[in-house]
Amino acid sequence: HADTAMYQAKASGRNNFQWFHPKMLDETNDRMTMASALRHAISARELSIAYQPQVDLRTGRVEGFEALARWRSREYGSVPPDQFIPVAEDSGMIVQLGGWVLRRACRDVASFQRVLGRPLKLAVNVSPRQFRSSSWFAEVVGALKDSGLQPSQLELEITEGILMDDRWEVLDLLSSLRDLGISIAVDDFGRGYSSLAYLTRFPVDKLKIDRSFIREIVAESHAPIVDAIIVMGHALGVSIVAEGVESRDQEHYLRSRGCDEAQGYLYSAGVPAEDAVRTVQAIGVF
Ligand code: C2E
Ligand code: MG
Ligand code: MG
Ligand code: MG
């Protein structure tokens with residue numbers, strides 16, 4: 001019996017080495033080749049930015065844009081960010097890529113507002129790894145300076161995970177950015193731990209309600225959660241953005257609940273820089 005048990009333990013131990021499975025090897029390989037393709041993407045001009053408008057629900061006016069990275073690879077074709085951002089994170093490339101997105105987006109938005117004749121805001125997604133890079137703070141300051149955008153026009157979208165990071169350096173860096181006048185938004189709120197308690201550890205400016213909740217509000221099943229996020233957020237002095245707004249019904253509901261801003265295909269998907277100004281003008285004011 002003891003022999004059998006030992007054999008079983010070994011057998012199950014062997015099962016733990018499933019990363020030797022040929023299919024998984026392929027995946028690792030794919031990620032490595034994708035990482036090296038990504039390494040050349042910036043210099044090969046394969047990266048671009050899509051700008052998605054963010055609308056003030058009270059005025060109906062476009063207040064600014066979220067910058068969304070796009071990769072059109074010679075080898076892979078168009079790769080969605082949900083695929084290449086994790087690869088960029090794991091390989092460390094995100095520091096370079098994120099720096100490029102930030103500088104480029106600041107410059108682009110500065111030019112949009114010159115054409116429109118009024119200031120615009122810019123939201124940029126930031127990965128956890130960028131916050132651990134020693135150059136990040138200087139890059140943000142540099143991008144603002146070079147573009148002429150004011151710190152109050154820049155918003156950094158972070159994930160809940162960043163706020164739950166125990167390292168004091170992370171919160172310290174967030175504080176320094178906020179002291180400059182930059183705002184901090186929590187992206188995909190509701191998808192993860194969604195503990196409002198971390199808002200007492202670090203004061204953020206905005207919560208972006210994950211689009212999975214917005215999808216269901218008209219069918220009502222998620223309406224109480226959305227209501228609660230808006231009420232609690234406002235009580236804590238945080239402004240609320242709804243992501244993934246696709247219908248007028250959703251918009252009306254959100255406006256009636258006092259949600260501050262909305263973003264989604266109802267207004268526009270992310271558009272290339274050359275279409276950004278036209279998109280703002282087309283959305284107009286209702
Ligand atoms: P996110 O920051 O939550 O961005 C919103 C995503 O939802 C975008 O997907 C956008 O195109 C999509 N979206 C917007 N409105 C609607 C809508 O009405 N309906 C639906 N179904 N979807 C909508 P995208 O561009 O594919 O980006 C996916 C994620 O990749 C982003 O989610 C963000 O987490 C990440 N990402 C994109 N660009 C960057 C970047 O420059 N740096 C970092 N670190 N992450 C980025
Ligand atoms: Mg975002
Ligand atoms: Mg989001
Ligand atoms: Mg996201």
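**Exercise 1. Is Y51 buried or exposed?**

Solution. One thing to keep in mind for every exercise here: this is a predicted model.
- Step 1: look up the relative accessible area of Y51, which comes out at 0%.
- Step 2: compare that with the cut-off, since buried means under 20%.
- Step 3: Y51 therefore counts as buried.

**Exercise 2. Work out the geometry of the ring pair Y51 and F65, and place the two residues in the fold.**

Solution.
- Step 1: start with the bigger picture, where a search of the whole structure turns up five aromatic pairs.
- Step 2: for Y51 and F65, the ring centres sit 6.0 Å apart and the planes meet at 75°.
- Step 3: planes over 60 degrees apart count as edge-to-face, so that is the label this pair gets.
- Step 4: now the placement: Y51 belongs to strand β1 (residues 47-56) and F65 to strand β2, so the pair links distant parts of the chain, 14 residues apart.
- Step 5: check F65 for accessibility; at a relative accessible area of 0%, F65 is buried.
- Step 6: finally, add F112, which forms one aromatic cluster with Y51 and F65.

**Exercise 3. Do the same for W71 and F84.**

Solution.
- Step 1: the centre-to-centre distance is 5.7 Å and the planes are 80° apart, making W71 and F84 an edge-to-face pair.
- Step 2: W71 sits in strand β2 and F84 in helix α3 (residues 81-91), so their contact ties together parts 13 residues apart in sequence.
- Step 3: W71 has a relative accessible area of 2% and is buried; F84 is buried too, at 0%.

**Exercise 4. Which protein atoms hold the magnesium ion (ligand 2), and how are their residues spread along the chain?**

Solution.
- Step 1: list the protein donors: E66 (OE), N125 (OD1), E157 (OE) and D187 (OD), at 2.0 to 2.2 Å from the ion.
- Step 2: write their spacing as a pattern, E-x58-N-x31-E-x29-D.
- Step 3: take E66 and E157 as a pair: E66 is in strand β2 (residues 62-73) and E157 in strand β5 (residues 154-158), so they tie together parts 91 residues apart in sequence.
- Step 4: both E66 and E157 are buried.
- Step 5: look for a second metal; the magnesium ion (ligand 3) lies 4.1 Å from the magnesium ion (ligand 2), and D187 coordinates both.

**Exercise 5. Which residues of helix α6 are buried, and where do they lie around its axis?**

Solution.
- Step 1: size up the helix: α6 (residues 136-147) has twelve residues and spans 17 Å from first C-alpha to last, close to the 16 Å expected.
- Step 2: pick out the buried ones, namely W136, E139, V140, A143, L144 and S147.
- Step 3: look down the axis of α6; these buried residues fall within an arc of 130°, so they line one face.
- Step 4: flip to the other side, where A138, K145 and D146 are exposed.
- Step 5: ask what covers the buried residues; the cover includes α4 (94-116), α5 (128-131), β5 and α8 (168-180).
- Step 6: step past the end of α6 to G148, which has a positive phi, near 85°.

**Exercise 6. How many disulfides does the whole structure hold, and are C106 and C259 buried or exposed?**

Solution.
- Step 1: the search of the whole structure gives zero disulfides.
- Step 2: C106, at 0% relative accessibility, is buried.
- Step 3: C259 has a relative accessible area of 5%, so C259 is buried as well.

Terms used
Residues numbered from 1 in each chain as written. Chains lettered and ligands numbered in written order. Predicted model: local features only at pLDDT ≥ 70, side-chain atom pairs only at ≥ 80, totals over all residues. Heavy atoms only, no water. Disulfide = S-S within 2.5 Å. Buried < 20%, exposed > 50% of the residue type's maximum accessible area, 1.4 Å probe, protein only. Donors = N, O, S within 2.8 Å, 3.2 Å for Na, K, Ca; no water. Helix = DSSP H or I, 4+ residues; strand = E, 2+ residues; numbered from the N terminus. Expected span 1.5 Å × (residues − 1). Arc of directions from axis to C-beta. Contact = heavy atoms within 4.5 Å. Phe/Tyr/Trp six-rings, centres within 6.5 Å; stacked < 30°, edge-to-face > 60°.
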